[in-house]
Amino acid sequence: MGRHSRKAPGTAPAPAAAEAPAPLPPRAEPAPWPHEEPAAAYWPEPTVTHQGYVSQDAPFAGARAGGHPQQYEPGGAWGARPDSVYGDWHGVPRPRRATPGAALLDSDTPAFGTPAVGFPQVVLEPPAPAPAPVPDPFTSTGSHRRVPGPRKPVDPVAEPPGSGRGHKVRTYTGMAAAAVTTVLAVVVAGQVLPDGDAAKTGAAAAPDEGRSDTAASRSDGRPTPEAPAAAPAAPSAAPAPELTYEQQMAQQLPMDAKLAGPGKFDTVPGVAKAPGKGKLVRYRVDVEQGLGLDPQLFAEAVQRTLNDPRSWAHGGAMTFERVPGGEADFVITLASPGTTGVWCAKSDLDTTVENVSCDSASTDRVMINAFRWAQGSATYGPDQMFAYRQMLINHEVGHRLGHGHVNCQTPGALAPIMQQQTKSLDIGGIECKANPWVFPGS
């Protein structure tokens with residue numbers, strides 16, 4: 001026996017004679033379906049096959065006598081129980097008729113394929129044209145537009161249970177809807193990006209993956225408009241620097257030598273405590289209305305001058321305190337030349353000749369002529385306004401304290417504080433120097 005030869009198959013032993021099976025009892029006739037008539041009305045008498053099965057189907061044209069009997073099987077395959085579609089003709093389902101020559105049971109739905117000989121011809125209607133694309137109301141006209149998603153297809157008419165035709169119709173309907181959706185997406189995409197924005201959008205999509213603020217980031221690559229330059233602030237007048245006490249006291253102020261005020265006075269409010277421990281002297285400061293002079297500056301000048309160690313408070317002999325009212329030893333009054341003359345005349349003093357000040361001893365007022373306070377005197381000149389005002393206060397309060405006039409005795413010496421320095425520094429041929437203090441050497 002060669003390498004690639006093989007033995008011929010031997011003759012199989014004949015099987016032992018088997019006992020013939022007992023015949024099966026006849027099966028009861030199945031009840032007719034709701035949509036079919038009894039077998040007697042349409043189908044021929046059932047036949048019993050050699051296997052004992054009862055055939056309920058008439059043999060189709062050309063069937064071989066004594067061929068394979070038809071068997072009922074589940075699942076809609078060959079031999080399934082009668083339904084809206086039964087049997088098979090070369091792989092094509094055939095529709096069932098209720099009676100010979102009647103119309104199709106499902107006349108609104110065409111059957112697929114070519115029917116067998118003797119069956120009516122079914123004309124397939126062309127599929128309905130695809131609906132025109134509906135504009136999306138949410139699509140904007142700007143550069144950021146939305147592409148509408150696929151629309152949900154309408155569910156087809158429900159088919160009876162067990163029918164394979166309904167599944168096929170839904171399958172074809174879904175395929176048609178998917179095709180229409182694809183066409184719509186392509187058309188809308190072509191309309192959304194007509195001006196070449198697709199390249200820009202694709203280039204900007206990579207860095208924005210995973211972000212929820214991509215709409216706001218579309219302007220990241222665009223130039224930011226320059227903010228308008230701030231308008232220059234209007235030049236404001238710089239506030240005048242506040243003058244010190246010494247600077248204010250050194251200023252010469254305008255004043256009419258013949259000014260006559262209303263004769264009404266305003267008391268400078270507030271208290272200026274006495275700084276020393278000597279004899280306490282209380283005074284009040286009044287300023288005539290309408291002078292245009294600073295009442296606070298005048299009151300401060302009085303307090304500082306009287307409590308200076310070179311003044312009447314020298315050596316702790318006394319201390320001065322300004323009060324706004326009540327018990328006051330005297331009232332230092334700043335008044336116009338006309339009013340000063342009136343109050344000085346009450347003490348038989350004439351101040352109108354040279355526009356000077358006075359201590360009106362018969363009254364409680366020490367009168368300071370406002371013209372002299374503002375303009376000074378020729379003996380001191382405009383450069384010594386500060387010293388002149390100090391001298392004016394010390395001289396007139398000295399009269400209130402009981403001191404009379406004293407003239408200079410030594411040429412070139414400092415004039416005594418009680419000399420009438422407003423009128424002259426040369427008295428009796430002895431010329432002295434201006435002096436505002438009681439104790440100038442202290």
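Visitor: Which residue lies over the face of tryptophan 373?
Guide: Arginine 389 does, at 5.2 Å from the ring centre, where a charge counts as sitting over a ring if NZ of Lys or CZ of Arg is within 6 Å of the ring centre and within 35 degrees of the ring normal. This is a predicted model, in which local features need pLDDT of at least 70 and side-chain atom pairs count only at pLDDT 80 or more, while totals for chains, interfaces and linings use all residues. Residues are numbered from 1 along each chain as its sequence is written, and side-chain values use heavy atoms, with hydrogens and water left out.

Visitor: And what is the nearest side chain of opposite charge to arginine 389?
Guide: That is aspartate 294, 10.0 Å away, and arginine 389 is buried yet has no salt bridge. Buried means under 20% relative accessible area, exposed over 50% and partly exposed in between, with a 1.4 Å probe and protein chains only; a salt bridge is a side-chain nitrogen of Lys or Arg within 4 Å of a carboxyl oxygen of Asp or Glu. Lys and Arg count as positive and Asp and Glu as negative, His and the chain ends not being counted.

Visitor: Which helix is arginine 389 in?
Guide: Helix H8, residues 385–400, with helices (H or I, at least four residues) and strands (E, at least two) taken as DSSP runs numbered from the N terminus.

Visitor: Switching topic, how many disulfides are there?
Guide: The structure holds 2, a disulfide being a pair of cysteine sulfur atoms within 2.5 Å. One of them joins cysteine 344 to cysteine 358, S to S 1.7 Å, and because cysteine 344 lies in helix H6 and cysteine 358 in strand E9, this pair ties together parts that are 14 residues apart in sequence.

Visitor: What about cysteine 408, what does it pair with?
Guide: Cysteine 408 forms a disulfide with cysteine 432, their sulfur atoms 1.4 Å apart. The torsion about that S-S bond is about -90°, so the disulfide is left-handed, and both cysteine 408 and cysteine 432 are buried.

Visitor: Back to H6, what sits over the ring of tryptophan 343?
Guide: The charged end of lysine 346, 3.5 Å from the ring centre. Tryptophan 343 itself counts as buried, at 18% relative accessibility.

Visitor: How many aromatic pairs are there?
Guide: There are 5, where rings of Phe, Tyr and Trp (its six-membered ring) pair if their centres lie within 6.5 Å, with planes under 30 degrees apart counted as stacked, over 60 as edge-to-face and the rest as tilted. Among them is the edge-to-face pair of tyrosine 245 and phenylalanine 386, 5.9 Å centre to centre with 85° between the planes.
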